[in-house]
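Good morning, colleagues. I would ask you to look at the sequence and the model together for a moment before I begin.

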Amino acid sequence: MNHNEQTIKQVIGKTLKAIRIKQGLSQEDLAGKCEVDRSYISMIEVGRNEPSVSKIFELCDGLNIKPSSFFQLIEIEYDKLRS
């Protein structure tokens with residue numbers, strides 16, 4: 001895995017966690033809404049797992065945000081790390 005791939009995984013995780021916490025949701029809460037195991041949410045948030053695009057849509061649905069908004073936040077965080 002190259003550096004960019006790892007960075008993207010970490011940014012996805014950091015962004016997911018920030019939105020989840022801002023909404024007052026636990027990992028368990030989000031996992032229940034998305035019908036996944038809590039450990040899956042944890043693995044994403046620490047950058048050890050990269051969700052598929054379809055899973056990102058499910059996560060966004062669970063967070064009540066548009067996928068486009070989620071990807072915009074990821075892009076902003078990614079650009080911060082690159083500059």
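Which residues does Leu 81 touch, not counting residues up to four places away in sequence? The model before you is a predicted one, and in it Leu 81 touches Thr 7 and Val 11. Leu 81 has its place in helix α5. With a relative accessible area of 55%, Leu 81 is exposed. Along the chain, Leu 81 and Ser 69 are twelve residues apart, and 19 Å separates their C-alpha atoms.

Let me turn to the charged side chains. Searching the whole structure yields four salt bridges, and I shall discuss three of these, among them the pair Lys 14 and Glu 77. The closest N and O atoms of Lys 14 and Glu 77 are 3.2 Å apart. Because Lys 14 belongs to helix α1, residues 3-22, and Glu 77 to helix α5, residues 67-82, this pair ties together parts that are 63 residues apart in sequence. Glu 77 is buried, its relative accessible area being 19%.

Arg 20 and Glu 45 also form a salt bridge, and here the closest N and O atoms lie 2.6 Å apart. This pair, too, links distant parts of the chain, since Arg 20 is in helix α1 and Glu 45 is in helix α3, residues 38-45, at a separation of 25 residues. Both Arg 20 and Glu 45 are buried.

Glu 77 appears again in a salt bridge with Lys 80, at 3.1 Å from N to O. Both of these residues are in helix α5, where three residues, about one turn of the helix, set them apart. Through shared partners, the salt bridges join Lys 14, Glu 77 and Lys 80 into one network.

The next topic is the cysteines. How many disulfides does the count give? The count comes to zero. The sulfur of Cys 34 has its closest cysteine sulfur in Cys 60, at 8.9 Å, which is too far for a bond, because a disulfide requires the two sulfur atoms to be within 2.5 Å. Cys 60 is accordingly in no disulfide, the sulfur of Cys 34 being the nearest to its own. Are these cysteines buried or exposed? Cys 34 counts as buried, at 6% relative accessibility, and Cys 60 likewise counts as buried, at 1%.

I come now to the interior. The largest nonpolar core comprises 17 residues, and those with the most contacts inside it are Leu 16, Leu 30, Ile 41, Leu 59, Leu 63 and Phe 70. Two or more residues of this core come from each of the elements α1, α2 (27-34), α3, α4 (53-63) and α5. Leu 59 may serve as an example: with neighbours within four places in sequence set aside, Leu 59 is in contact with Leu 16, Leu 30, Cys 34, Ile 41, Ile 44 and Pro 51. Cys 34, whose sulfur was discussed a moment ago, is thus one of the contacts of Leu 59.

Finally, let us consider the surface. Which residues make the nonpolar surface patch of about 290 Å²? The patch is made by Val 53, Phe 57 and Phe 71. Of these, Phe 57 has its place in helix α4. Phe 57 counts as partly exposed, its relative accessibility being 46%.

Thank you for your attention.

Terms used
Residues are numbered from 1 along each chain as its sequence is written. This is a predicted model: local features need pLDDT of at least 70, side-chain atom pairs count only at pLDDT 80 or more; totals for chains, interfaces and linings use all residues. Side-chain values use heavy atoms; hydrogens and water are left out. Helices (H or I, at least four residues) and strands (E, at least two) are DSSP runs, numbered from the N terminus. Buried means under 20% relative accessible area, exposed over 50%, partly exposed in between (1.4 Å probe, protein chains only). Contact means heavy atoms within 4.5 Å. A nonpolar core is a set of buried Ala, Val, Leu, Ile, Met, Phe, Trp, Tyr and Cys residues joined through side-chain atoms within 4.5 Å. Patches are made of residues with over 30% relative accessible area and no salt bridge: like charges are joined within 9 Å, nonpolar side chains (Val, Leu, Ile, Met, Phe, Trp, Tyr) within 5 Å. Accessible areas come from the Shrake-Rupley method with a 1.4 Å probe; for residues, only the protein chains shown count as cover.
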